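Q: Could you pick one part of this protein and take me through it slowly? I'd like to see how its pieces sit next to each other.

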Amino acid sequence: MMDEKKLWQGLLDEMVKGWEILPTGSGFVVASDWVWPTADRIEVVVRNVGEREDLFLVSDGGELFNFFFAQGLDISGNEELMRRLEEVASRHGAKLVDFHMAKGASEDELPRAIRSMVEAVKEGAFLFWLRRDLAGSLH
């Protein structure tokens with residue numbers, strides 16, 4: 001019979017296996033084991049907000065827009081796709097700001113905010129696959 005506590009610990013270990021936290025001058029980059037459709041790892045940027053040590057900005061670093069652009073799609077002028085990306089961001093408590101998906105978090109909220117941002121980026125990238133057959137109309 002499976003031990004529930006052992007299963008919980010196994011799930012916790014598995015959820016972050018392969019993840020890396022890389023310090024930067026103003027925060028850190030969390031490299032997840034989740035990948036873009038191109039097989040590159042999804043990374044999330046975390047930095048302090050101003051001089052505050054208790055408030056953080058969690059962002060995709062603009063990678064979602066870069067991903068679309070690298071696939072030949074400039075989505076900044078596509079109202080339908082921008083609206084869909086805003087909906088994705090909103091479902092994860094984030095906003096689109098200057099071509100970045102971003103959200104604020106306290107220190108206690110930070111782990112959940114990082115996970116949520118990775119999920120939002122992955123969900124946003126799925127829009128490419130839904131729209132790639134319409135690529136000509138997205139330029």
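A: Let's start with the whole chain: of its 139 residues, 34% are buried (under 20% relative accessible area with a 1.4 Å probe, counting protein chains only). Keep in mind that this is a predicted model, where local features need pLDDT of at least 70 and side-chain atom pairs pLDDT 80 or more, while totals for chains, interfaces and linings use all residues. Numbering starts from 1 along each chain, and side-chain values use heavy atoms, without hydrogens and water.

The chain has 5 helices and 6 strands (DSSP runs of H or I with at least four residues, and of E with at least two, numbered from the N terminus). Reading from the N terminus, you get α-β-β-β-β-α-α-β-β-α-α. Its C-alpha atoms fill a box of roughly 50 × 45 × 25 Å along the principal axes.

Now zoom in on the sheet. Its 6 strands are lined up as 1-2-3-4-6-5, open and with antiparallel pairing (a pair needs at least two DSSP bridges). Strand 1 (20-24) and strand 5 (95-97) are the edges, each pairing on one side only. On average, neighbouring strands are turned by 30 degrees against each other, ignoring direction.

Look at the strand 1 edge: 5 bridges tie strand 1 to strand 2 (residues 27-35), and the two run antiparallel. Here Pro23 sits opposite Phe28 of strand 2.

Over by strand 5, helix 3 (residues 79-91) packs on the sheet and touches both strand 5 and strand 6 (100-106); contact means heavy atoms within 4.5 Å. Helix 3 makes about 125 degrees with the direction of strand 5 (between N-to-C directions of lines fitted to C-alpha atoms, for helices over the stretch in contact, on a scale from 0 to 180 degrees).

Note on methods:
Buried < 20%, exposed > 50% of the residue type's maximum accessible area, 1.4 Å probe, protein only.
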